[in-house]
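Thanks for coming. I have one structure to go through today, and I will take it from the overall layout down to single residues.

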Amino acid sequence: NQVTKEERDYLGKLATMGCYCCRTEGNESPALIHHIREGMGMGQRASHIGGTIPLCYAHHQSGEHGALAFHRSPKLWREKYGSEKEIAQGYYELIQKLNQENPKWNG
């Protein structure tokens with residue numbers, strides 16, 4: 001699947017916001033894009049726009065430095081940080097609001 005310009009712009013803006021988990025813990029770190037799995041069928045992932053969360057590598061996959069990594073323990077991750085759908089929706093709404101306030105912002 002080819003990523004559209006709109007999707008690329010959205011994902012770029014999302015990544016500039018830093019890791020959701022680190023931010024909730026009072027830290028800042030660069031983010032990768034996590035496609036939510038909640039409510040998706042086996043092997044499927046959510047759309048780029050509105051179905052993604054910014055996570056650092058440790059909170060996404062590696063679990064290094066004691067981080068709770070989503071792909072190592074999705075159930076525990078959701079218990080600690082909350083609903084993927086709700087987090088992704090919150091970011092979607094924030095980006096829409098920022099786009100309305102300043103269409104040229106890029107993170």
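I will start with the chain as a whole, then turn to the cysteines, the aromatic rings, the core, the strands and a few single positions.

First, a caution: this is a predicted model. Everything I say about distances and angles is computed from that model.

The chain has 107 residues, and 39% of them are buried. It contains five helices and two strands. Going along the sequence, the order is α-α-β-β-α-α-α, with two helices ahead of the strands and three after them. If we take the contacts with a separation of 6 or more, 56% are between residues 24 or more positions apart. The exposed surface comes to about 6700 Å², and carbon and sulfur atoms supply 49% of that.

Now the cysteines. How many disulfides does the structure hold? Zero. For anyone who wants the reminder, a disulfide is a covalent bond between the sulfur atoms of two cysteines. The pair to look at is Cys19 and Cys56. The cysteine sulfur closest to that of Cys19 belongs to Cys56, at 3.7 Å, which is too far for a bond. The cut-off applied here is 2.5 Å. Looking from the other side, Cys56 has its closest cysteine sulfur in Cys19. Both side chains are in buried residues: Cys19 has a relative accessibility of 1%, and Cys56 has a relative accessible area of 8%.

Next, the aromatic rings. There are four aromatic pairs in the structure. One of them is Tyr20 with Tyr91: the ring centres are 6.2 Å apart and the planes meet at 75 degrees, so this is an edge-to-face pair. Tyr20 is in helix 2, residues 20-24, and Tyr91 is in helix 5, residues 84-101, so the pair ties together parts that are 71 residues apart in sequence. Tyr20 and Tyr91 are both buried.

Another pair is Phe70 with Trp77. Here the centres are 5.4 Å apart and the planes are at 80 degrees, so this one is edge-to-face too. Phe70 is buried at 2% relative accessibility, and Trp77 is buried at 0%. Ring pairs also bring in Tyr81, so that Phe70, Trp77 and Tyr81 are linked into a cluster.

Some of these residues come up again in the core. The largest nonpolar core has 23 residues, and those touching the most other members are Tyr20, Cys21, Ile53, Leu55, Trp77 and Tyr91. Which elements each supply at least two residues of this core? They are helix 1 (5-16), helix 2, strand 2 (52-55), helix 4 (74-81) and helix 5. Helix 5 gives the most, with four residues.

Cys21 is worth a look while we are here. Setting aside residues up to four places away in sequence, Cys21 touches Leu55, His59, Trp77 and Tyr81.

On to the strands. Strand 1, residues 32-35, pairs with strand 2 in the antiparallel sense, over four bridges. One contact to find on screen is Ile33, whose bridge partner in strand 2 is Pro54. In a regular strand the side chains alternate between the two faces of the sheet. In strand 2, Thr52 and Pro54 point one way, while Ile53 and Leu55 point the other way. Are these four residues buried or exposed? All are buried.

Last, three single positions. Ser62 is in helix 3, residues 57-62. Ser62 has a relative accessible area of 13%, so it counts as buried. Apart from its neighbours within four places in sequence, Ser62 is in contact with Tyr57, Ala69 and Arg72.

His65 sits in the loop between helix 3 and helix 4. Is His65 buried or exposed? His65 is exposed, with a relative accessible area of 79%. Its phi is near 60 degrees, a positive value in a residue other than glycine.

Thr4 is in the segment before helix 1, and it is partly exposed, with a relative accessible area of 39%. Thr4 and His48 are 44 residues apart along the chain, and their C-alpha atoms are separated by 9.7 Å.

That is the end of the tour.

Methods: Residues numbered from 1 in each chain as written. Predicted model: local features only at pLDDT ≥ 70, side-chain atom pairs only at ≥ 80, totals over all residues. Heavy atoms only, no water. Buried < 20%, exposed > 50% of the residue type's maximum accessible area, 1.4 Å probe, protein only. Contact = heavy atoms within 4.5 Å. Areas by Shrake-Rupley, 256 points an atom, 1.4 Å probe, with all protein chains shown as cover. Phe/Tyr/Trp six-rings, centres within 6.5 Å; stacked < 30°, edge-to-face > 60°. Core = buried A, V, L, I, M, F, W, Y, C linked by side-chain atoms within 4.5 Å. Pairing = 2+ DSSP bridges.
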